[in-house]
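Colleague: Before I plan anything around this protein, please take me through how its inside is put together.

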Amino acid sequence: MRAVAIIGDGIVLGVLSVVGFAMHETMTESSRLLVTVLSFLVAWAWIAPWFGVFGDDVLTDPRRVWRVLLAWVAAAPFGVVLRAFLLGLTVSPIFVIVMTVVTGVGLIVWREILAWRFGARSAPTV
């Protein structure tokens, strides 16, 4: 169950980064895309466990998925700063906001689906 969440979170972060690059018509900048995805994966891997988002209670209870958003609100700025450092850019406050909101929504939708799915499996049968 935990492995599915970790892999799924990574896919969400990667797909939404690709969508962002496609929307800005910068898909040809593959090294920048890779740095972007890796920066957010590192930020998520470092911050998320502190918020318990891989615990069974969050993975199986849709009412506790809000902790994923809380963790992302903490991780997104770290990912933006890491990305800016690695690419030699300045930190754009609007990029922090956009990444926090858009990817936060993506993570919440994904994790709600996951929690409903795993919650249904672990619910006692009568």
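Modeller: Start with the aromatic cluster: ring pairs link Phe40, Trp44, Trp72 and Phe95. Rings of Phe, Tyr and Trp (its six-membered ring) pair if their centres lie within 6.5 Å; planes under 30 degrees apart count as stacked, over 60 as edge-to-face and the rest as tilted. This is a predicted model, in which local features need pLDDT of at least 70 and side-chain atom pairs count only at pLDDT 80 or more, while totals for chains, interfaces and linings use all residues. Residues are numbered from 1 along each chain as its sequence is written, and side-chain values use heavy atoms, with hydrogens and water left out.

Colleague: How many aromatic pairs does the structure hold, and are the rings of Phe40 and Trp72 stacked, edge-to-face or tilted?

Modeller: The structure holds four aromatic pairs. For Phe40 and Trp72, the ring centres are 5.9 Å apart and the planes stand at 45°, so this pair is tilted.

Colleague: Which parts does the pair of Phe40 and Trp72 tie together?

Modeller: Helices here are DSSP runs (H or I, at least four residues), numbered from the N terminus. Phe40 lies in helix 2 (residues 30-47) and Trp72 in helix 4 (residues 66-87), so the pair ties together parts that are 32 residues apart in sequence: helix 2 and helix 4.

Colleague: Is Trp72 buried or exposed, and which residues is Trp72 in contact with?

Modeller: Buried means under 20% relative accessible area, exposed over 50%, partly exposed in between (1.4 Å probe, protein chains only). Trp72 has 0% relative accessibility and therefore counts as buried. Contact means heavy atoms within 4.5 Å. Leaving aside neighbours within four places in sequence, the contacts of Trp72 are Leu13, Phe40, Trp44, Pro77, Met99, Thr100, Thr103, Gly104 and Leu107.

Colleague: Which helix gives the most to the largest nonpolar core?

Modeller: A nonpolar core is a set of buried Ala, Val, Leu, Ile, Met, Phe, Trp, Tyr and Cys residues joined through side-chain atoms within 4.5 Å. The largest one has 26 residues, of which Trp44, Val53, Val68, Trp72 and Leu107 touch the most other members. Helix 1 (2-23), helix 2, helix 3 (56-60), helix 4 and helix 5 (93-122) each supply at least two residues of this core. With seven residues, the biggest giver is helix 5.

Colleague: Why do the buried residues of helix 2 lie on the same side?

Modeller: Residues three or four places apart point the same way, because an α-helix has 3.6 residues a turn. In helix 2 the buried residues are Leu33, Thr36, Val37, Ser39, Phe40, Ala43, Trp44 and Ile47. The face turned away from them carries the exposed residues Ser30, Ser31, Leu34 and Ala45. The buried residues are on the same side because, taking directions from the helix axis to the C-beta atoms, they cover an arc of only 155°.

Colleague: What lies 2.7 Å from a polar atom of the side chain of Ser39?

Modeller: Ser39 is in helix 2 and is buried, with a relative accessible area of 1%. Not counting residues up to four places away in sequence, Ser39 touches Gly79, Leu82, Arg83 and Leu86. The atom at 2.7 Å from its side-chain polar atom is the backbone oxygen of Val35.

Colleague: Is Glu112 buried, partly exposed or exposed?

Modeller: Glu112 lies in helix 5. Glu112 touches Pro62 and Val65, not counting residues up to four places away in sequence. Its relative accessibility is 26%, so Glu112 counts as partly exposed.

Note on methods
A polar contact is a pair of N or O atoms within 3.5 Å; within protein, one must be able to donate a hydrogen and the other to accept it, and residues adjacent in sequence count only if both atoms are side-chain atoms.
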